[in-house]
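Got your viewer open and ready to click? Let's take a short walk through this model, one selection at a time.

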2 protein chains.
Amino acid sequence: MSEELAIGVDLGGTTVKAGIVTAGGNILQTKSVSTQAEHGPSAVIERIEKLISELLGEQHNEVAGIGIGSPGVVTLDGGMVKYPPNLPGWTEIPLGEVLARKFDLPVAVENDANAAAIAESRFGAGKGEPNFLFIIWGTGVGGGIIMDGKIYRGPSGGAGEIGHMTIDPDGPLCNCGNRGCVEAFVGQRYLSQRAIERIGEARQQEKILELVNGNLDRIEPAVLSAAAEAGDILAREILIEAGTKLGIAIASALNLLDFRLVIIGGGISAAPEFVYEAIRTSVRERVLTPLKPEARVIRATLGNMAGILGAAALILDPTVSPSGRVKT
Amino acid sequence: MSEELAIGVDLGGTTVKAGIVTAGGNILQTKSVSTQAEHGPSAVIERIEKLISELLGEQHNEVAGIGIGSPGVVTLDGGMVKYPPNLPGWTEIPLGEVLARKFDLPVAVENDANAAAIAESRFGAGKGEPNFLFIIWGTGVGGGIIMDGKIYRGPSGGAGEIGHMTIDPDGPLCNCGNRGCVEAFVGQRYLSQRAIERIGEARQQEKILELVNGNLDRIEPAVLSAAAEAGDILAREILIEAGTKLGIAIASALNLLDFRLVIIGGGISAAPEFVYEAIRTSVRERVLTPLKPEARVIRATLGNMAGILGAAALILDPTVSPSGRVKT
């Protein structure tokens, strides 16, 4: 008998990725389309359906169900997706029900950060670790909490928002309306902005400027990483400062949850090792004494496949207890 | 048949309190002794045993077991109490085993803040509330997390340390070694110190000075509360600032856990209502949008009986799932 299969869908603001995944976490095939979010929910759902159809067409009878990782808050009943950021026009969409009806298969829906946390827990850096905080460090700072081997969703599915922990009450204004969220210091947008300001002050930072051909608007964390690795001191400073600040929020979360392990994924997690050292130093300085020798901050290992794998795990792994599982 | 009874013991740094408690949360009788912690663990344990013996002597056959709320980290096996602050000489003491052997009764041990959280959950302000953050606002800032109706202990029993969430990375040094913990701003010691400094600068704050007969060392939060209620503007300012700062840490915790309810106990929780308004305003300003209309901050209702009641609940309520339950 062949291994059970599921389709995992990673719904993003710019791209929808999907794959056929085995119970052991192998991806047999992937496909992706641009989300074209600007055309509104119906158009996006059609594109998701087309993607799933194409994958199903080739392995139809062996697929046990469809898992979706979606931005926004996902409710426990019916796979309702609420107010996802970066998907204009989406208010409350019963994505789970819509797809279950269309394909006559079980569908499970989960928040995208939670799905990635589940993936790292089942197949990645968190395998065998019952408790960890997963952080997506990219455009924003998102997260997921794996507690006793399961995703911790919170009473309404919104748990894990480490990005909106305040690390400096008078800090910069965050997209969420609060001041001094860690995201407002280290999210991609803010971090790039901060680099631009400081380069504007310094101007002699030739390595960074060289990498972007003098165009400050093209500065982003990957450029900072490359510049730092090429010896640019300011880029290194900015990234170390970001790691230190991220560590402040991490330490608070570890103290509150009594956790020891943090796994960092997302675009900026590809940063050089010295950034991780900065995070670790900051965490060790700030966690309570019993946690100091045990606190660990490591890289996620699944990269941008985490979304597909975590979504598929919602179907393939009965211990996951996902939100919004719709049975047909 | 009469209601089941348990003995609840609240082990504190200065006083040991104990009571006989019914399954419905009524305290039939209480006794207390000074801890005399300076004499070391054996002497303290003898005093606890004497207190329990006296209570047992009068209701011996009806008592189902003994629950203890203790400072420090309490491990899941054997009711081991580890490094409790304010109990000199206590390294790792198997308090549960010692008392179970002595009295031939089931003994359950739990961290004192967790015990108080359990009490508020079963008998107090949190009755019927499956998820809330409990804060003990006193000498320090401690806490307990009630999650899905149960105490959330974390992997090693240390969860709920909201007092050691960083709210300002460059803030004052905390007792834990970190800078800018919320406890280092609003814990009794720090708060009193801050008031003394500011009164020293101002000097015309007659109401506060009147209440302590000019002796700045006698300034403590209760004095500030009394002065504020008598119209002292500086005392009011200091307390509002404290509430605002506590609100910063609360908002971070609510965002991380997706919680809506905070219950505040401990000595400073008797503060006037305007302090709660300051906390609420701060929390509302900083929590994520979905939580803004729903976040609530309320007073604990069990006062200094919470410790005894929560300790007894470890025995009386099978859903509590306490740490360190030792069966004989």
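Which residue in S10(B) is the bridge partner of B:Ile135? Select B:Gly143, because that is the partner in S10(B).

Before we move on, some housekeeping. This is a predicted model, where local features need pLDDT of at least 70, side-chain atom pairs count only at pLDDT 80 or more, and totals for chains, interfaces and linings use all residues. Residues are numbered from 1 along each chain as its sequence is written, while chains are lettered from A and ligands numbered from 1 in the order in which they are written.

**Stop 1: the sheet in chain B**

Now select residues 132-137 and 141-147 of chain B: these are strands S9 and S10, which pair in the antiparallel sense over six bridges. (Strands pair if DSSP finds at least two bridges between them; strands are E runs of at least two residues and helices H or I runs of at least four, numbered from the N terminus.) Add the other strands and you get an open, mixed sheet of five, in the order S11-S10-S9-S12-S13. At the edges sit S11 (150-152) and S13 (296-299) of chain B, each pairing on one side only. Neighbouring strands here are turned by 30° against each other on average, direction ignored.

**Stop 2: two helices in chain B**

Next, pick H3 (residues 112-123) and H10 (residues 306-316) of chain B. They pack at an angle of about 85°, with their axes 7 Å apart. (Axes are lines fitted to C-alpha atoms, for helices over the stretch in contact, and angles run from 0 to 180 degrees between N-to-C directions.) H3(B) and H10(B) are therefore roughly perpendicular, a label for angles of 65 to 115 degrees. Show some of the contact residues, including B:Ala115 and B:Phe123 in H3(B) and B:Leu309 in H10(B); contact means C-beta atoms, placed from the backbone, within 7 Å.

**Stop 3: the domains of chain A**

Hop over to chain A and colour domain 1 (5-118 + 305-316) and domain 2 (129-301); such bounds come from an automatic or database domain assignment. Their C-alpha centres lie 27 Å apart. Where they touch, 11 residues of domain 1 are in contact with 14 residues of domain 2. On the domain 1 side, H3(A) gives the most, with five residues.

**Last stop: both chains**

Finally, show both chains. A turn of 180° and a shift of 0.0 Å along the axis lays chain A on chain B with an RMSD of 0.0 Å, superposed by least squares on the C-alpha atoms of residues with pLDDT of at least 70 in both. That is the relation of a two-fold axis.

Note on methods: Parallel < 35°, antiparallel > 145°, perpendicular 65-115°, else oblique. Contact = placed C-beta atoms within 7 Å.
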